[in-house]
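Me: I would like a close look at the barrel in this structure, strand by strand. Please then set that part in the context of the rest of the chain.

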Amino acid sequence: MIKSVCGYCGVGCGIEFDTSKLIGDISYPTNEGLLCAKGASELHTIETSSRLLRPQIKQDGKFNTIDWDTSIKYISSKIKKSEPERVVFYLSGQLLTEDYYIANKLAKGFINTNNVDTNSRTCMASAVVAHKKAFGVDYVPVRMRDIKKANLLILVGSNAAEAHVVFFNKIKKELKRGLKLVVIDPRVTPTTKAAHLHLQINVGSDIDFFNLVCQRLITDEKIDSNYIEKYTNNFETYKNKLSREAKTKMLKRTGLSKEQFEEFITMFYENENIISAWTMGLNQSVQGVDKNLSLINMHLITGKINKEGNGPFSLTGQPNAMGGREVGGLATTLAVHLDFEAESIKKVEEFWKTSGIKNKRGLTSCEIVDEALKGNVEVLIISHTDPIYHLPNRAKVEKAFRNIPLIVEINAYENSETSEFSHIRLPASPWGEKDGTQTNMDRTITKQKKVTRTSIDCKPDWEVFKLIAWELGFKKSFDYSTVEDIFNEFKEMTKISKKRHLDMHNMKGETFIWGEKLFKDNKFLTQNEKANLHFVKNENLSEKTSKEFPFILLTGRTRDQWHSGTKTALLDNLKKFKALEYVEIHPNDAKNLEIEDGDMVDVTSVRGEITLEAKITPDVKEKTVFIPVSVRKINYLTLDLVDKESFEPDYNHSAVRVKSI
Ligand code: SF4
């Protein structure tokens, strides 16, 4: 019997593998034996026809097989010839922590480029920055088990029933116990259907909503003055600025009625323990950080944080987005929660026994595209992700990628959208064929284990990075034999980060929760150990609709598909659940446009056009449309505007038109 963990989403369900059967692990706290359809069929993803099994090089527009030695020598020679800052690593929340650690060490510590970003930039970066601004550290102060102690759960911009299936099953169990559920989402989803109250706010009005709530809490004296006094900074400034915001205008922008708002307030007052959980509806926005802060403020002024059953809970989409944050695999972090100030650089250089680490952040996802367009990216190494599919404004990304002399794609599957632009493809071991650790959304670190033998010519990503490091002449610093060697070094490194206050170096056994006592006695990791309240307001910065593009495009996950579907789109049992390529349109809009259910329609933005099947449903509001992110061409439509602090794209607010064809 092998115990491991699912490699899809941030819930991180425990699994057991016996001979040829994969089942949920009853003893594992996250899922207690449950698995969703994706997790239950993960074994089949190892055997799909889309596996990449040999290194390949593109010659005359076709991929031909080469050997590992030649590939590594070729890539390393190009890195050597390039200026360090023209080398870019683009990683993934589906990598294991050891993969992340070694890529980060190689790039920042030895090649001396801080251009190490990740697809987690496009889903989690706003939460990371908000945590740092409010708490002084990127830390999630809630665990899944807290749901059992909560009286009210507020889900914001989250369709957990489809994106975090097993977590939502746990929520449903708690609803039977008496938990109340409010869902704030512009769309009707399976999640909103389970709620006691669904607030179908207007797209982009989240800050207005939370500011209204906080204004009201202050007016009604429902705040925790003792907590504010002892454990927070800036309350008076925050309160004064907030009081100047016009109530009626904010309510109008949310699109809610007074009655709906009052119903929410009543539920808030009637329930003692409150958790607010959110995902992309808040994060993927030009004001993603501010949206996060507006929600965190609500918990800080009521003292509903750092006690069981309470707190702001950022849900991560990918299985190891959290692990990537831990090691510092972001262009905006150096390593182990340290930034680029001189003292931290010195510590990291001493630990890695290296020199030359640059003292400024690297390029973030969309900046990589901008710099490539200017001809400033020489080598792009992509690991376990599909940027041509997932980055916004795809036509621009394609143009930029055509401008990069060497794109190396390390991937377990050959059917990515990026492969058309790659010059070399290296076959990575997929989930099930490799060992390592991952950290789920409630900070549980778990060992992912091989459940089958490694395909003969595939290698785990960390080994690919190691081979490049050796070829570049850094063998002594990358002399790892096993994945445990890397993890042990990472654990040791966590000691140099005082921000982290980790006892990870004491980690033993199969699972471990990091930071259990991080905010003990409400001591945050800011200078004076108090949390910061930040006044924020809706700046209305997203793309505006117009006569030509009158709809706002919303995007989101569906239950059984995963990202571009390199793994899930080929499995029959997952395909059957929902048609893969569709756009949801409100019946009144469809009527005006003379579109019938099932018609093929063109969806167009100023950036591009795609053709989809129309699905007519009142689940979307009038003047909005919804397209699942599993539609591979979706990002021809989306806008590459980013949050100015987190650099996370505004995926949920692009102006489009819809036309019958
Ligand atoms: Fe895997 Fe997430 Fe499904 Fe659990 S909920 S089985 S972690 S995809």
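Reply: The account below begins with the basis of the model, takes the barrel next, and then widens to other parts.

The model is predicted: local features require a pLDDT of at least 70, side-chain atom pairs count only at pLDDT 80 or more, and totals for chains, interfaces and linings use all residues. Residue numbers start from 1 along each chain as its sequence is written.

The barrel is closed and consists of six strands in the order β21-β25-β22-β24-β23-β26, with mixed pairing. Strands pair here if DSSP finds at least two bridges between them; the strands (E, at least two residues) and helices (H or I, at least four) are DSSP runs numbered from the N terminus. From one strand to the next, the twist averages 45°; such angles lie between the N-to-C directions of axes fitted to C-alpha atoms, for helices over the stretch in contact, and run from 0 to 180 degrees.

Strand β24, residues 608-616, shows both kinds of pairing. With β22 (residues 582-585) it runs parallel, and four bridges join the two strands. Within this pair, Glu584 has Lys615 of β24 as its bridge partner, and Ile585 is matched with Ile616. With β23 (residues 600-605), β24 runs antiparallel through six bridges. One of the partnerships on this side is that of Thr604 with Glu609 in β24. β23 and β24 form a hairpin, with two residues between them. As a general rule, side chains in a regular strand alternate between the two faces of the sheet.

An open sheet elsewhere in the chain offers a counterpart to the barrel. Seven strands make it up, in the order β5-β4-β16-β15-β14-β6-β7, and its pairing is also mixed. Its edges are β5 (62-65) and β7 (116-118), each of which pairs on one side only. The twist in this sheet averages 20° from one strand to the next. At the β5 edge, four bridges connect β4 (residues 56-59) to β5 in an antiparallel arrangement, and Ile57 has Asn64 in β5 as its bridge partner.

Two helix pairs complete the picture. The axes of α9 (residues 206-219) and α11 (residues 235-243) come within 10 Å and cross at roughly 110°. The two are therefore roughly perpendicular to each other, a label given to angles of 65 to 115 degrees, with under 35 counting as roughly parallel, over 145 as roughly antiparallel and the rest as oblique. Asn211, Cys214, Gln215 and Ile218 of α9 make the contact with Lys239, Leu242 and Ser243 of α11, where contact requires C-beta atoms, placed from the backbone, within 7 Å. In the second pair, α18 (residues 365-373) and α20 (residues 394-402) pack at about 55°, with their axes 8 Å apart, which makes α18 oblique to α20. Val369, Ala372 and Leu373 of α18 meet Lys396, Val397, Lys399, Ala400 and Phe401 of α20.

The protein as a whole has 24 helices and 26 strands. Its C-alpha trace spans about 70 × 60 × 50 Å along the principal axes. Among contacts between residues at least 6 apart in sequence, 75% join residues at least 24 apart.

Technical notes. Two residues are in contact if their C-beta atoms, placed from the backbone, lie within 7 Å.
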